[in-house]
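Student: I'm new to this structure and would like a close look at just one part of it. Could you pick a helix, walk me around it slowly, and then show me what sits next to it?

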Amino acid sequence: GTFRAIKAVMRNRDMLLVGAHRDNKQRVGDVEFVQGVAVYNSETTRQAVYSPQLVFDNQSKTYAMQGQNSSNRMIHRQKKNFQIFLDELIQGAFRHESVLDMVVAGHRRLSGLPLFNRQTRAPALQKLSKLLRENDIGARSVEFVIESLRGSDAATQWDVYRGLLLAAQKTALSDRLLRFTAWKMITK
């Protein structure tokens with residue numbers, strides 16, 4: 001009741017359900033953040049059930065996703081009484097405390113960290129491109145991020161965050177890694 005469905009996707013044997021909290025919102029400047037949660041089930045990978053916290057923002061119109069850890073993932077082939085643990089995992093994800101104070105602080109921090117100005121744009125974009133590739137982000141996704149910044153005279157780390165999320169919407173192959181990277185940036 002407190003969550004509204006945002007997205008449901010089925011690709012081969014992978015299922016993803018995404019919901020946003022109806023009431024858990026915070027605004028900073030012209031950006032509104034909304035907390036959410038996902039439930040991901042895969043029959044083909046080692047993180048069989050994964051239920052991360054999400055944060056949506058109205059500028060990128062998409063979400064950053066918490067990385068995998070022992071509290072938000074479960075391998076059903078290794079659990080007895082799987083149904084009980086699955087219910088606890090999902091209920092815990094929906095009851096999770098708000099991360100929005102941390103996200104708002106992250107937005108303020110990222111908005112205040114310049115990436116480049118007109119004179120330093122080219123070397124800064126080359127450095128960012130190299131850093132993203134070193135973090136195993138695919139070439140096409142890196143190009144999306146760099147392209148989203150190329151036309152700007154000045155950019156901040158917030159623009160990189162938004163670029164990662166916009167790239168995640170355009171590519172299915174790197175989408176989770178891009179969302180994890182954005183989550184790490186804003187929750188540091």
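Tutor: Happy to. Let's start with what lies against helix H4: its buried residues pack against E8, H3, E9, H5 and H6. Keep in mind as we go that this is a predicted model.

Which residues of H4 are the buried ones? They are Ser-141, Val-142, Val-145, Ile-146 and Leu-149. If you look down the axis of H4, those buried residues fall within an arc of 135 degrees, so they line one face of the helix. The spacing makes sense once you know the general rule: an α-helix has 3.6 residues a turn, so residues three or four places apart point the same way. Turn to the other side of H4 and you find Ala-139 and Arg-140, which are exposed. The length of H4 checks out too: at 1.5 Å a residue its twelve residues should span 16 Å, and the end C-alpha atoms are indeed 16 Å apart.

Now step back along the chain. The loop between H3 and H4 holds Asp-136, and this residue is worth a pause. Its phi is positive, about 65 degrees, although Asp-136 is not a glycine. For background, most residues other than glycine have a negative phi. Is Asp-136 buried or exposed? With a relative accessibility of 65%, over the 50% cut-off, Asp-136 counts as exposed.

There is a second spot like this elsewhere in the chain. Lys-61, in the loop between E5 and strand E6 (62-65), has a positive phi near 60 degrees and is likewise a residue other than glycine. Lys-61 counts as exposed, because its relative accessibility is 65%.

Back to the neighbours of H4, beginning with H3, the helix on the far side of that loop. H3 covers residues 121-134, and its 14 residues should span 20 Å at 1.5 Å a residue, which agrees with end C-alpha atoms that are 20 Å apart. The buried residues in H3 are Ala-124, Leu-125, Leu-128, Ser-129 and Leu-132. Viewed down the axis of H3, they sit within an arc of 135 degrees, so here too the buried residues line one face of the helix. Across from them, on the other side of H3, Ala-122, Gln-126, Lys-127 and Glu-134 are exposed. And what covers the buried residues of H3? The cover includes strand E8 (114-116), helix H4 (139-150) and helix H5 (157-170).

H5 is the next neighbour to visit, and Ala-168 is a handy residue to look at there. Ala-168 has a relative accessible area of 3%, and is therefore buried. Leaving aside neighbours within four places in sequence, Ala-168 is in contact with Asp-175, Leu-178 and Arg-179. You can also use Ala-168 to see how the chain folds back: Ala-168 and Met-65 are 103 residues apart in sequence, yet their C-alpha atoms are 11 Å apart in space.

That leaves H6, and H6 brings in another helix, H2. Helix H2 (residues 100-111) and helix H6 (residues 175-187) pack with their axes 7 Å apart, at an angle of about 85 degrees. The two are therefore roughly perpendicular to each other. On the H2 side, the residues that meet H6 are Met-102, Val-103, Gly-106, His-107, Arg-109 and Leu-110, while H6 contributes Met-185, Ile-186 and Thr-187. Sort the residues of this contact by type and you get five nonpolar, three polar and one charged.

H2 has buried residues of its own: Leu-100, Val-103, Val-104, Gly-106, His-107 and Leu-110. Looking down the axis of H2, they fall within an arc of 160 degrees, so they line one face of the helix. On the other side of H2, Asp-101 and Arg-108 are exposed. What covers the buried residues of H2 includes H5 and H6, along with strands E2 (14-28), E3 (31-42), E5 (53-57) and E9 (155-156).

So, to come back to where we started: H4 has a buried face, and its buried residues pack against partners that include H3, H5 and H6.

Methods: Residues are numbered from 1 along each chain as its sequence is written. This is a predicted model: local features need pLDDT of at least 70, side-chain atom pairs count only at pLDDT 80 or more; totals for chains, interfaces and linings use all residues. Side-chain values use heavy atoms; hydrogens and water are left out. Helices (H or I, at least four residues) and strands (E, at least two) are DSSP runs, numbered from the N terminus. The expected span of a helix is 1.5 Å times one less than its number of residues. Buried means under 20% relative accessible area, exposed over 50%, partly exposed in between (1.4 Å probe, protein chains only). The arc is that of the directions from the helix axis to the C-beta atoms. Contact means heavy atoms within 4.5 Å. Axes are lines fitted to C-alpha atoms, for helices over the stretch in contact, and angles run from 0 to 180 degrees between N-to-C directions. Angles under 35 degrees count as roughly parallel, over 145 as roughly antiparallel, 65 to 115 as roughly perpendicular and the rest as oblique. Ala, Val, Leu, Ile, Met, Phe, Trp, Tyr, Cys and Pro count as nonpolar, Asp, Glu, Lys and Arg as charged, and the others, Gly among them, as polar.
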